[in-house]
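Trainee: Got a minute to go through this model with me? I'd like to start with how the helices pack.

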Amino acid sequence: MLDRRSSTLLTVLLFVSASAFVEELDDSFMERKGAEDIWLIKFYAPWCTFCKQLDPVWHQIGSELRSLGSPIQVGKSDATASPGLAKEFRIRGYPAILMLKKDVTYNYLGPRTKDGIMDFADRVAGPLIRSLTSLQLFQHAMSRHDVMFVYVGATSQLKTNYTSAAETLIIGTYFFSATRDVLPKAVSLASLPAVVVFKDGTYFTYSEEHDGDLTAWINTERFPTFSQIDSYTLYAMGDSGKLVLLAMLEQKHLWDQSLRCKSLVEGVAAEHRDTYRSSFYFGFMEDSSYINGLVMDDIILPSFIIVNLSNDGYFLPLGAVETEQQLLDFMDGVLDGSVEIQGGNGVSQRIRRFVYDTKVTLMPIFTKAPLFGCFLLGVPLSIGVFLCYLCCKRRSSVDDDDDDDDDVALIATLSQRRKKSGNKKSD
Ligand SMILES: *[C@@H]1O[C@H](CO)[C@@H](O)[C@H](O)[C@H]1NC(C)=O
Ligand SMILES: *[C@@H]1O[C@H](CO)[C@@H](O)[C@H](O)[C@H]1NC(C)=O
């Protein structure tokens, strides 16, 4: 009895102390905060289940940053109770995670895990460009990062461009600088200053002539050529206009066939990197829900798919892919147009996708509570039918083409919303 009481007390104490690490922020926050403050803030709404799932993670982050003596202050704000603050930061979906550092806002778009968020906080709160002053520091950084950008040389216009790239891309990657003598002798640079990316066990040097804009180049190069890919990464890769070749694997337990698929992609990425690097990222996925949404079906696992995230299009192999040559043929087929694109973001696809999304959302409700499901579907359906009736009536009296544009705009908004929710996983 005593034990239970003391453990309850302990829980309460722990909860109180954990809450103390996370401050509840209201509309007065902007006036109260110091100019030099660094804040990690979560915006939530009381009804949002994804926000509730994030609660324990948020408490952990708060207490961990406090015990590490970090300058980062952790807060949360109920966007329904303090709409002014949410408006200030243009919050559209929940939960929204952002960092405020010297009046600049950095939005977090990665997975909502403690490690992911802590890494983001550490990256953004620290110096924009981290100086590597010795070979040891360089090697230490290399061991910690799969992809590492390093500016080599003295102050220059290139350094100014590098700094401005870092200002926007720090949310996604670390930026370093070093002098030539710090880098290993084996690294050969044609001239200085230079921007180098170390990844895939090698390095690539930026050339304005070949690679164009530095920020765009960094945005493209910030992913390893081959890696495990989650839906957030996949979405972020879309900006580059590259295709992504994915081995879709079973979750958790990988059978022989899954392992073969994965190593086939890894092999092609390693051995044919120079040929395909400019058009492809390579990777594997163990959670197929994003791809199922894209394909609008449950895809077969394991399997291969190539996705074009710039237009929501995808490609499936025409026959079985069991050898490296068959995989290369598939990729070449996509590049030369002989493998037909499926999906995409045309109007008919958007309508199909809307129907699919509705089905996926409503299905679980129907199986769990059929009556409630009927009610849920019935009300908007009858409103819809009524609106259709009004619309037709109006159309037969006034022949007006403008309505078509409205429909397209509506579908576009829905598809936009889908993209966003694919990114944030909830809205
Ligand atoms: C820096 O960026 C500007 C455009 O933003 C470009 O015109 C210039 O050539 C770049 N300079 C270097 C050295 O990369
Ligand atoms: C991917 O989509 C973009 C945007 O629609 C398009 O320009 C590009 O050609 C597509 N790539 C392939 C290989 O289909």
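**Helix packing, then the sheet**

Mentor: This is a predicted model. In it, the axes of helix α7 (residues 157-169) and helix α9 (residues 214-221) come within 9 Å and cross at roughly 50 degrees.

Trainee: What does that make α7 and α9 to each other, parallel or oblique?

Mentor: Oblique. Angles from 35 up to 65 degrees fall in that class because under 35 counts as roughly parallel and 65 to 115 as roughly perpendicular.

Trainee: And is the crossing of α7 and α9 left-handed or right-handed?

Mentor: Right-handed.

Trainee: Which residues meet there?

Mentor: From α7, Leu158, Asn161, Tyr162, Ala165, Thr168 and Leu169. On the α9 side they meet Leu214, Thr215, Ile218 and Asn219.

Trainee: Switching to strands. What is the order in the open sheet of six?

Mentor: The order is β11-β13-β12-β14-β15-β16, and the pairing is mixed.

Trainee: Why is one side of β11 and of β16 left without a neighbour in the sheet?

Mentor: β11 (226-228) and β16 (342-343) stand at the edges and each has a single partner strand, so the other side has no neighbour in the sheet.

Trainee: How do β12 and β14 run, and how many bridges join them?

Mentor: Strands β12 (residues 243-248) and β14 (residues 303-308) run antiparallel, joined by six bridges. Ala247, for one, has Phe304 in β14 as its bridge partner.

Trainee: Now the whole chain. How many helices and strands?

Mentor: The protein chain has 17 helices and 16 strands. Of its 427 residues, 42% are buried.

Trainee: And what does the chain expose?

Mentor: About 23600 Å², with carbon and sulfur atoms supplying 56% of that.

Key
Residues numbered from 1 in each chain as written. Chains lettered and ligands numbered in written order. Predicted model: local features only at pLDDT ≥ 70, side-chain atom pairs only at ≥ 80, totals over all residues. Heavy atoms only, no water. Helix = DSSP H or I, 4+ residues; strand = E, 2+ residues; numbered from the N terminus. Buried < 20%, exposed > 50% of the residue type's maximum accessible area, 1.4 Å probe, protein only. Areas by Shrake-Rupley, 256 points an atom, 1.4 Å probe, with all protein chains shown as cover. Pairing = 2+ DSSP bridges. Axes fitted to C-alpha atoms, helices over the stretch in contact; angles between N-to-C directions. Parallel < 35°, antiparallel > 145°, perpendicular 65-115°, else oblique. Left-handed = near helix turned anticlockwise from the far one by under 90°. Contact = heavy atoms within 4.5 Å.
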